[in-house]
Amino acid sequence: MTERRLRIAIQKKGRLADASLKLLKDAGYRAVQGKNELLYRVENAPIDLMRVRDDDIPGFLEDGVCELGVIGENVMAEAFAGNGEHERPEIIQKLGFGKCRLMVAMPEAARYDGPASLEGMRIATSYPGLLGEFLRRNGVKATPILMHGAVEVAPRLKMAQAICDLVSTGSTLEANNLKAVELVFESQAVLALTRAGIDPAVQNVADSVIARIEGVVATQGTKYILMNAPRAALDEIAEILPGANSPTVLPLAGKEDKVAVHAVCRESVFWETLEKLKAAGASAILVLPIEKMMM
Ligand code: PRT
Ligand code: ZN
């Protein structure tokens, strides 16, 4: 009998492809190319990576072709726009990469006084579902014009008066003399789980992938900080520590009034933070990177 393997869909080529593979690598999975380009085999766990177009991932999750997927939340939301919640895959974790905003944009010179300005317009987009929801939410009647690429040229070609497209740096809008006027959807890459049910034979593999990926994401931008501090300054020091829950406080041998403080900081630790800690009486302050974390 062949071993049942968990299937994770990731983008084959494009903006999410490298980061998706890196995420799995950081989670300890060693992927090697299998018999074909489509399938990568994880050597050290019963997992296959399906490398596909991102647009195929929501459908694969819905049908249970794969159990997990790494996908832009925008693509997932578009695939299920107006579709109720029933088979929509579950979003397990935001992954911190592929960040972008789906925005309505118009020519620089056009007048814009809020969503009502879009009334009656033709709006070019690859996201007719999300745009449609936005228009309905705002009580605006406008016509989405479906385009699969180069949406930003539509106003110049007089195909549409506005566009609704993804923006990250904003340089595409700028190069085309467009200005962003409305945020429709804020997105980043997510880990999504099928609702089609998981074969019990791979349930524990799926649990482990999810826990490890949560751990990888949790360490992003986190630091471990250690210092000695006067016992009397503990409250003040806890206030200064960025994004730290209750720090660990340990006695220091031979010193009644001083303690060692250890904490995981979930936000950046800047030099300014260290200076404030020092001013509060802390000394021997160390900031260390965190390599792995399991929540
Ligand atoms: O071949 P396949 O179908 O798999 O790939 P694709 O061409 O559909 O997608 P791809 O690789 O371009 O993008 C994959 C995902 O990356 C998207 O679904 C988003 O979740 C995310 N992402 C993040 C972006 C951007 N940033 C982004 N800036 N996707 C597209 N863009 C495009 C945007 O459409 C516009 O053309 O980049 C341009 C704008 O960028 P700026 O930096 O000039 O603002
Ligand atoms: Zn795509």
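Let me start with the charges: in this predicted model, the protein chain carries 35 positive and 38 negative charges, and when you take the mean position of each set, those two points are 4 Å apart.

Now to the fold itself, where the protein chain holds 8 helices and 16 strands. Its radius of gyration is 24 Å, whereas the globule rule gives 19 Å for 295 residues, and because the value is well over that figure, the chain is more spread out than a compact globule. If you draw a box along the principal axes, the C-alpha atoms fill roughly 80 × 65 × 30 Å.

The domain assignment divides the chain into three parts, with domain 1 made of two stretches, 6–98 and 189–219, domain 2 covering 100–186, and domain 3 covering 223–289. Between the C-alpha centres of domain 2 and domain 3 there is a distance of 48 Å.

As for packing, 43% of the 295 residues count as buried, and of the contacts that link residues at least 6 apart in sequence, 70% join residues at least 24 apart. The accessible surface is about 16000 Å², and carbon and sulfur atoms account for 51% of that area.

Let me finish with one residue, leucine 286, which sits in strand 16, residues 283–289. Why does leucine 286 count as partly exposed? Its relative accessibility is 46%, and partly exposed applies because that value falls between the 20% and 50% cut-offs. Leaving aside residues up to four places away in sequence, leucine 286 touches Tyr224, Ile225 and Leu226. Lysine 22, by contrast, is 264 residues from leucine 286 in sequence, and their C-alpha atoms are 28 Å apart in space.

Key:
Residues are numbered from 1 along each chain as its sequence is written. Chains are lettered from A and ligands numbered from 1 in the order in which they are written. This is a predicted model: local features need pLDDT of at least 70, side-chain atom pairs count only at pLDDT 80 or more; totals for chains, interfaces and linings use all residues. Side-chain values use heavy atoms; hydrogens and water are left out. Helices (H or I, at least four residues) and strands (E, at least two) are DSSP runs, numbered from the N terminus. The radius of gyration is taken over C-alpha atoms; the globule rule is 2.2 Å times the number of residues to the power 0.38. Buried means under 20% relative accessible area, exposed over 50%, partly exposed in between (1.4 Å probe, protein chains only). Contact means heavy atoms within 4.5 Å. Accessible areas come from the Shrake-Rupley method with a 1.4 Å probe; for residues, only the protein chains shown count as cover. Lys and Arg count as positive and Asp and Glu as negative; His and the chain ends are not counted. The place of a charge is taken as NZ of Lys, CZ of Arg, CG of Asp or CD of Glu. Domain bounds come from an automatic or database domain assignment.
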